[in-house]
Amino acid sequence: MTSPSQLRDELAKCLESSMQKFHNIWLDIGICESQQKQRSETVVEHLRNLLEEMVQEEEMLRSQIRTRIEKYSKEVRELCEDMSYPDYQFKKSYSMLQTEKDLKMRMETLSNEKAERVRKFDHFKDQDQHLCDIMCLTPYYIPSGSTPTLEQLQALENHVASLKIEKDKRFHEFVNSKKEIIKLFSEMEKSPETEFARDVVCESDSTFQLSTENMKALTVLKVELEEEKEEMKMKVDQLWNKLHVLWDRLDIGESERANFSKGKTSVKEPVVKALKEEISRCEKLKFQNIQRFVEGLRKELTEWWDKCYYSQQQKRAFTAFKSENFTEELLQLHDEEVLRMKTYYEKHHELFEDISKWADLFKKMLEHERKANDPNRFNNRGGKLLLEEKERKKVLKELPKVEEDVKALIADWEKQHEKPFLVDGRRFVDYIEKQWATHQSSKIIEKEERNKARAKLMEEEMTYGSKPTTPAKRRFIGTPSKTPTNKQRRMNDTNKTPASCGRLQQNSVFASPRPRVPASASKILASSRRRSGRIARKVLGEKVNFGNSHMTTHYTTSTNQNDTFSQTTLGSCVQSVGVCNASTMESYHEFEKAVHHNSKANCRSSIIPKSPGKL
């Protein structure tokens, strides 16, 4: 930048050079000195005027800049105040031009921001007004006459967003409720009766006002229709139940029932009307068949008594049960008693279900004990015994738990009602004790019966010998796999030799079974064994020359074959000989004849071989 002294020197040089040029020109022209002086003064005057004009122009420019600065400052101050901004402070070190430029830029920025706020405000305000009109709400309040602040704009935007969500929620709820309401009207075959219901069903979805009152009314309408449908359904169910009871008591055929029930599965008014008419018809038939109805009611009453575990004394309290005077009064008494028992069961159905559960487990336990005493259960196939054992353990584990739970429930009931809860005419604890006592006594009786049966069987075996038993799925050694034909049997009979007959006689001897002897028959068995042993030793000790070694061979062979011969069987055979004295026999042939002559016809086992002539 040029300094003022330099500028003056530059102007002096420029003025001096110009004046010298002027002087030379004037000399060449021939202008006198007075005119040259006059012309020089004119040049100086012109220069002075020019400089003054330039100074004035610059002063005017400075004034204009100051004016603009003041204007921009005022506008910025107003914008800041309108937009809730603090006053703008420009730097004092700035020149006028810099200050003007800075203020101008700040003013433009604030103006644009204000315009954007106003635009957003108008947009959100329009949306808010529209949503409020749909839902009949009050618009969001923002003071007018001022530019909204950023906080106000944000609050308005959030409010509009929440209104949109609420509007979508209400509209979705309205659409779903409308569908359900139309479905309910259709199912019940009804038409909308109120103006609001008609607006909901008939008008377009977009025209419905989603106000709070309308949404509440919509909910109320839906609930009323659902309750009405539920009441109608209960009514129809009651009518159907009543009709089925009448049909059962009148023995109405299945075809007639099917023809009437066809197309009547809904809860419409025509269905209710048809059911009432059919019930009225059956009621007339009921009074025409009072005896059959009373008998049916008695059967039903017996079932309810059993479900409620009524005792015989409680059943006898209803004296009309045995009446033979079939009148309408008797029918009414039975109807009332059935209704009373049904109500009593439904009131305490949880207790009765728990008692039934205990009774079922108790029956399963008895059934498992019965199966455990069945000898045929060992014919096991497919792991049946293992499944039965698992089931038995499960029952034995659950039975005490269920019993304690039922006792606790009944105790609470008795404490609440201050009276005993009767099962089969007695308290549940006494009922359980009776069941267990009955079970124990039946086990004792069964045990005694088994002991008696075993003693009787032992006595018969001691008297007649044991009966050979062969497993169902096993064969004796030598038994052919296929049944021989008659021709094969005849060929086998002709090919028999005395040796083969002897083998056949030896193999036809079977041992008496040895069952477990009950304690009550131990003395009888011991005495019988001692007695048969003495007789056997007496017979074998006789000095008789049988003359035939076949008897000795037979006894030795049968004794070595795993209990195929016992002293008990030999004693029985000796007893069957009776008065036969072996000492008087001279040969085995005479002894054999004596045995066949005195043996009993119903002897089931014999160790004495038949004579060769009878084979």
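This passage follows helix α6 through a predicted model, from its start to a core and a pocket.

Helix α6 runs over residues 212-250, and N214 is part of it. The side chain of N214 has a polar atom sitting 2.8 Å from the backbone oxygen of Q209. Q209 also turns up among the contacts of N214 once neighbours within four places in sequence are set aside, along with F196 and F208.

Next comes the nonpolar core. In general, nonpolar side chains in soluble globular proteins tend to be buried together. Here, the largest nonpolar core has 79 residues, and the members that touch the most others are L243, L275, I355, W358, F421 and F428. Helix α6 is the top contributor to this core, chipping in twelve residues. As for L243, if residues up to four places away in sequence are left out, what remains on its list is F260, L275, E278, I279 and C282. Another core lies apart from the largest one; it has ten residues, including I69, C80, M83 and L103.

Helix α6 also helps to build a pocket. The second largest pocket holds about 600 Å³ of space, and 20 residues line it. Nearest to the centre of this pocket are K242, V245, R249, D335 and K342. Which helix gives the most to the lining? That is α6 again, with nine residues. Helices α8 (269-288), α9 (290-307) and α11 (328-347) join in too, each of them, like α6, supplying at least two residues. Sorted by character, the lining comes out as nine charged, seven nonpolar and four polar residues.

Technical notes. Residues are numbered from 1 along each chain as its sequence is written. This is a predicted model: local features need pLDDT of at least 70, side-chain atom pairs count only at pLDDT 80 or more; totals for chains, interfaces and linings use all residues. Side-chain values use heavy atoms; hydrogens and water are left out. Helices (H or I, at least four residues) and strands (E, at least two) are DSSP runs, numbered from the N terminus. A polar contact is a pair of N or O atoms within 3.5 Å; within protein, one must be able to donate a hydrogen and the other to accept it, and residues adjacent in sequence count only if both atoms are side-chain atoms. Contact means heavy atoms within 4.5 Å. A nonpolar core is a set of buried Ala, Val, Leu, Ile, Met, Phe, Trp, Tyr and Cys residues joined through side-chain atoms within 4.5 Å. Buried means under 20% relative accessible area, exposed over 50%, partly exposed in between (1.4 Å probe, protein chains only). On a 1 Å grid over the protein atoms alone, a cavity is a set of points where a 1.4 Å probe fits but cannot get out, and a pocket is an open set with protein on both sides within 12 Å along at least five of seven lines; lining residues have an atom within 4 Å of a point. Grid points are joined across faces, edges and corners, and a volume is the space filled by probe spheres set on the points. Ala, Val, Leu, Ile, Met, Phe, Trp, Tyr, Cys and Pro count as nonpolar, Asp, Glu, Lys and Arg as charged, and the others, Gly among them, as polar.
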